[in-house]
Amino acid sequence: MAMAASPGTAGVGGAGAMPGSGPSSFGFDSGLEIKTRSVEQTLLPLVSQITTLINHKDNTKKSDKTLQAIQRVGQAVNLAVGRFVKVGEAIANENWDLKEEITIACIEAKQAGETIAALTDVSTPRHPESGGQITIFTDKTGVIKAARLLLSSVTKVLLLADRVVIKQIITSRNKVLATMERLEKVNSFQEFVQIFSQFGNEMVEFAHLTGDRQNDLKDEKKKAKMAAARAVLEKCTMMLLTASKTCLRHPNCESAHKNKEGVFDRMKVALDKVIEIVTDCKPNGETDVAAISIFTGIKEFKMNIEALRENLYFQSKENLSATLEAILERTEDFTDSAYTSHEHRERILDLSAHARAELQQLASVWMHAQSKRTKSIAEELELSILKISHGLNELKKELHSTATQLAADLLKYHADHVVLKALKLTGVEGNLEGLAEYACKFSEQKEQLVETCRLLRHVSGTEPLEITCVHAEETFQVTGQQIISAAETLTLHPTSKIAKENLDVFCEAWESQISDMSTLLREINDVFEGKRGEKYGYLSLPKPLKNNGNLKSLKPEKSDSEEKAKIAKLGLKLGLLTSDANCEIEKWENQENEIVRYGRNMSKMAYSVYLFTRGEGPLKTSQDLIHQLEVFAEEGLKVASSAQAFSKQLKDDDKLMLLLEINKLIPLCHQLQTITKTPVQNQGLLKVDKCITKTRSMMAILVQLLSLCFKLLKKLQMENNRWVSVTNKDSVDGKT
């Protein structure tokens, strides 16, 4: 029995929420969501057992074993209700506008749980039977009423808690938008670093809330939309950092501003999309007007013609004809495409003409059958239905073959990213003519991929995959334009490190989308061939961990999906910390300073770990990750050593302050070394989890350490300059 009833409003909670994550502005953290959902999952089977016991025949004598089982069920229900009520009360205390409603529902649930426990208590005989044994379920009415009250009150609490979660997401989105507005207007690099740090924390909170919501959504279409929106936000967070830094470094560069505006605009659209999904309503009462795909149209058309077997008057001839024409009109996306081969085009046109002819034949037999019902006409109608169904299946095969073959050829052709590399090279060389040439080639490549995604959507076979195709199409379209503007900025400023870094980030996003398209193509083929044993992970944030080939046989205590979701969330925080570290490193004038050099190495390695949690980057297996983190720990010790050497130049108070930060980093380095070298049995994911958690802690300390060292260095330089100035003055005075 479902506990939540409103459309688009699933029960609160989310698997894989991060333990120890800080409370939101409402004080209702994702840990409470998990508890609520786990208690809900505990209650449902127990209530189901009570229902089974209620339905036993009255005259059935129950053994002591049965009576004890009944009592255990009643006690378990009461305990689960008790836990549920505690969670409900915690939610109520943090949300005064809903406190009264939640409290009343919690009281009802508690009363129902106690009633069930009392009615199933074997030590309280109610109705002695003639056989000397006690049948306590002769009082069926009381148990039924209590079970109904329990379900009603629990559902009410869940729905109210769901409103709290939606409210949290909306508030979190508003905080992100407000900070984004400040980031858009910022004029100094120092101010940008401070605001971006706040923005990163707000994005992590938003990612946690929306990730839990995505896990809870029952509608696969909404789940895919949420995944697509969250994927945009994750990738754009990194783009926003480098695009904004480029604008600050080159404030008069038009292409840099265009690049930055594109990122902000896309993030705002994605944020609005998330709110549409969680509230189940569009702004200004708009409706979804996305055109139906060819495969979906064919499926509905076949259902309509097959319904004629049961009801000859189910549809009109005109309606069926119009439906088929609408489907065949959409095949023009294939036949009009410059990338469709001549053979495929001719075959699609032939099959389309054949479908029209078969419908005409079906209509003739159909009209005849309406006026005269005989066995021979019924058989002729059946044959016509089978013929047109077969023809449409052949058309589906041809369309699928056309789209998937084109996609596979494109992916193979662009696997080495030749044009992308050429764009980077022309930028570094400051070659404007080369930029124009390769930008034109890249635009053509982008249009090919956009059109291919459009064709793949027609043959995707499921709504979630259709949505993923639309997301891929939009990503290629937008990212392609942004790569060209980023390349233009670099070409105009070929020595700019930040402009080069910005182009690299956009190119990485492009390569990542190419990789996602390869996965999408495989999934579309699997659906077409009927290989759907596993649910797909919508190419979203947080992604399931792909790099677990050597962990498949392991059986950790928690489910793999929970561990992977947790690791993905840890990875997201790690990615944002690397951005913070890079911001701190940018402040240093001397980029060859040992602290900066080792810190940069740590940041690069941490970013590789972040990519690993997304199933991307150079680290392919968990063993690669462990080896990387061994080196990462060594670099951490080098940073600590360099910082200790620097501390010797400082005064006592400053020196103590720095040593306190250093002493936080050193133990973490040793702990990470210990974890990486400790063998584990059947706990591979747990080891990865521990390593990434420790890495995240080290990066947080590194950010603080870099910031502190920079401030102390500036202070030391000012004091030295003041001393030199005073010395020079004394020297001049002496001469005078």
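Biologist: Is Cys247 buried or exposed, and what is its relative accessible area?
Modeller: In this predicted model, the class of Cys247 follows from its relative accessible area, for which the buried range is under 20%. The value computed for Cys247 falls in that range, so Cys247 is buried, with a relative accessible area of 5%.

Biologist: How far is the sulfur of Cys247 from the closest cysteine sulfur, and which residue holds that sulfur?
Modeller: A disulfide is counted when two cysteine sulfur atoms lie within 2.5 Å. The separation found for Cys247 is too far for a bond, because the closest cysteine sulfur is 7.7 Å away, in Cys253.

Biologist: Seen from the other side, which cysteine sulfur is nearest to that of Cys253?
Modeller: Cys253 is itself buried, with a relative accessible area of 5%. It is in no disulfide, and at a distance of 7.7 Å the nearest cysteine sulfur is that of Cys247.

Biologist: How many disulfides does a search of the whole structure find?
Modeller: A disulfide is a covalent bond between the sulfur atoms of two cysteines. With the 2.5 Å cut-off on the sulfur pair, the search of the whole structure returns a count of zero.

Biologist: How many salt bridges does a search of the whole structure find, then?
Modeller: The pairs sought join a side-chain nitrogen of Lys or Arg to a carboxyl oxygen of Asp or Glu, with a limit of 4 Å. Some salt bridges are linked in a network, as with Arg347, Glu394, Lys397 and Glu398. For the whole structure, the number of salt bridges found is 27.

Biologist: How many residues apart in sequence are the parts that Arg356 and Glu325 tie together?
Modeller: The side chains of Arg356 and Glu325 meet in a salt bridge, at 2.8 Å from N to O. Arg356 belongs to helix 11 (residues 342–371) and Glu325 to helix 9 (residues 317–330), so the parts tied together by this pair have a sequence separation of 31 residues.

Biologist: Which helices hold Asp504 and Lys424?
Modeller: These two side chains meet in a salt bridge, with an N to O distance of 3.7 Å. The pair ties together parts that are 80 residues apart in sequence, because Asp504 lies in helix 16 and Lys424 in helix 13.

Biologist: Is Lys446 buried or exposed?
Modeller: The side chain of Lys446 meets that of Glu447 in a salt bridge, at 3.4 Å from N to O. Glu447 counts as partly exposed, at 36% relative accessibility. Lys446 has a relative accessible area of 7%, and with the limit for this class at under 20%, Lys446 is therefore buried.

Biologist: Which helix gives the most residues to the largest nonpolar core?
Modeller: That core has 103 residues, and those with the most contacts inside it are Phe199, Met267, Phe301 and Leu456. The greatest contribution, 13 residues, comes from helix 16.

Biologist: Beyond its neighbours within four places in sequence, which residues is Phe199 in contact with?
Modeller: Phe199 is listed among the residues with the most contacts inside the largest nonpolar core. Leaving those sequence neighbours aside, its contacts are Val176, Thr179, Met180, Leu183, Thr237, Leu240 and Met267.

Biologist: How far apart in space are Ile116 and Ile144, C-alpha to C-alpha?
Modeller: Ile116 is found in helix 3 (residues 99–119), and at 1% relative accessibility Ile116 counts as buried. In sequence, Ile116 and Ile144 are 28 residues apart, whereas in space their C-alpha atoms are separated by 9.2 Å.

Notes. Residues are numbered from 1 along each chain as its sequence is written. This is a predicted model: local features need pLDDT of at least 70, side-chain atom pairs count only at pLDDT 80 or more; totals for chains, interfaces and linings use all residues. Side-chain values use heavy atoms; hydrogens and water are left out. Helices (H or I, at least four residues) and strands (E, at least two) are DSSP runs, numbered from the N terminus. Buried means under 20% relative accessible area, exposed over 50%, partly exposed in between (1.4 Å probe, protein chains only). A nonpolar core is a set of buried Ala, Val, Leu, Ile, Met, Phe, Trp, Tyr and Cys residues joined through side-chain atoms within 4.5 Å. Contact means heavy atoms within 4.5 Å.
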